[in-house]
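Work through the exercises below with the structure open. Each task is followed by a solution in steps.

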Amino acid sequence: MQLTAKNEMSSKEDQFQLSLLAAMGTTQRKEAADPLASKLNKVTQLTGFSDPVYAEAYVHVNQYDIVLDVLVVNQTSDTLQNCTLELATLGDLKLVEKPSPLTLAPHDFANIKANVKVASTENGIIFGNIVYDVSGAASDRNCVVLSDIHIDIMDYIQPAGCTDTEFRQMWAEFEWENKVTVNTNIIDLNEYLHHILGSTNMKCLTPEKALSGYCGFMAANLYARSIFGEDALANVSIEKPIHLGPDAPVTGHIRIRAKSQGMALSLGDKINLSQKKPTEGLKMAMSSKYATAYVSSP
């Protein structure tokens, strides 16, 4: 709380510098328990460093609402009039109100907030652009296209429990199924299962005793519930192809069932994107991504 208070009392120049450092990934590493460090992970860069208007957004998810705190920076020597943030949504998202236009002095910056309502658990995309007029210029309105903001459904899914009877009943009732083929570089069955549990926020209903030991294959039931009361079921059926050697990756399928199509598809997309375990070389490349962009930018 003391750190938050100090940041609120700091000058605008310091806030601007911290925001740029956060977008470029050059801030100092902090403990995972530090709330400020977790906030930096939700900063999304919307434009390039060489664009006349630089923009980045902090995405704050609060139950049924998403608050976008967009930092807009005038990187030109001109005064930008009627600078407007125009947003649109794809999916079950609804923009509450249109942000008001503002005027930016040369090399000035401002924060624009936008509220988005969420109605269900499915992948959503927020996209748009920034339009503005240059003071004293007779040209048409200028436009800077923003990068898409992808809303992670994991912010709405929570682990939950149910009995075997309830699981079988819901499995028979739910009409939407999404079958995902296992495509991973993980070679251990238990490691893959725990990797999927961590990536999807689901809970394993199969007892640990039934998963212990090693026989070359594994079957487990997973369950989760969204904050909107939507249930998600999954059946993991995987095996270790022993005839391919000890370093052969896990194979199999994951069947997802849900009452709504959006829930089943979104959860399947999440599993597809997070099946493979990042290698050390990839982690290092991702961590230096923004630093390299900063050095090479004009």
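Two strands count as paired if DSSP finds at least two bridges between them. The model used here is a predicted one.

**Exercise 1. Find the bridge partner of Val43 in E2, and say in which sense E1 and E2 pair.**

Step 1. Locate the two strands: E1 covers 43-45, and E2 covers residues 53-62.
Step 2. Look across from Val43 into E2, where its bridge partner is Tyr58.
Step 3. Count the bridges between E1 and E2: there are 3, and the pairing is antiparallel.

**Exercise 2. Give the strand order of the open sheet of 5 strands and state which strands stand at its edges.**

Step 1. Follow the pairing through the sheet, which gives the order E1-E2-E3-E7-E5 with antiparallel pairing.
Step 2. Identify the edges: E1 (43-45) and E5 (93-95) each have a single partner strand, so each has one side without a neighbour in the sheet.
Step 3. For the twist, take the average angle between neighbouring strands, direction ignored: 30 degrees.

**Exercise 3. Describe how H5 and H7 cross, and classify the angle between them.**

Step 1. Take H5 (189-200) and H7 (residues 261-274).
Step 2. Their axes come within 10 Å and cross at roughly 125 degrees.
Step 3. Angles of 65 to 115 degrees count as roughly perpendicular and those over 145 as roughly antiparallel; H5 and H7 are therefore oblique to each other.
Step 4. The crossing of H5 past H7 is right-handed.
Step 5. List the contacts: on the H5 side are His195, Ile196, Ser199 and Thr200, and these meet Leu267, Lys270, Ile271 and Ser274 of H7. Sorted by class, this contact has 3 nonpolar, 4 polar and 1 charged residues.

**Exercise 4. Place Asn82 and Asn201 in the chain, and give the phi and the exposure class of each.**

Step 1. Asn82 lies in strand E4 (residues 80-90), whereas Asn201 sits in the loop between H5 and strand E13 (203-204).
Step 2. Asn82 is not a glycine, yet its phi is positive, at about 50 degrees. Asn201, also a residue other than glycine, has a positive phi near 60 degrees.
Step 3. Buried means under 20% relative accessible area and exposed means over 50%. Asn82, at 41%, is partly exposed, and Asn201, at 24%, is partly exposed.

**Exercise 5. Which loop holds Ser212, and how far is its C-alpha atom from that of Asn190?**

Step 1. Ser212 belongs to the loop between helix H6 (208-211) and strand E14 (217-226).
Step 2. Ser212 and Asn190 are 22 residues apart along the chain, and 8.7 Å separates their C-alpha atoms.
Step 3. With a relative accessible area of 49%, Ser212 is partly exposed.

Definitions and conventions. Residues are numbered from 1 along each chain as its sequence is written. This is a predicted model: local features need pLDDT of at least 70, side-chain atom pairs count only at pLDDT 80 or more; totals for chains, interfaces and linings use all residues. Side-chain values use heavy atoms; hydrogens and water are left out. Helices (H or I, at least four residues) and strands (E, at least two) are DSSP runs, numbered from the N terminus. Buried means under 20% relative accessible area, exposed over 50%, partly exposed in between (1.4 Å probe, protein chains only). Axes are lines fitted to C-alpha atoms, for helices over the stretch in contact, and angles run from 0 to 180 degrees between N-to-C directions. Angles under 35 degrees count as roughly parallel, over 145 as roughly antiparallel, 65 to 115 as roughly perpendicular and the rest as oblique. A crossing is left-handed if the near helix is turned anticlockwise from the far one by less than a right angle, and right-handed if clockwise. Contact means heavy atoms within 4.5 Å. Ala, Val, Leu, Ile, Met, Phe, Trp, Tyr, Cys and Pro count as nonpolar, Asp, Glu, Lys and Arg as charged, and the others, Gly among them, as polar.
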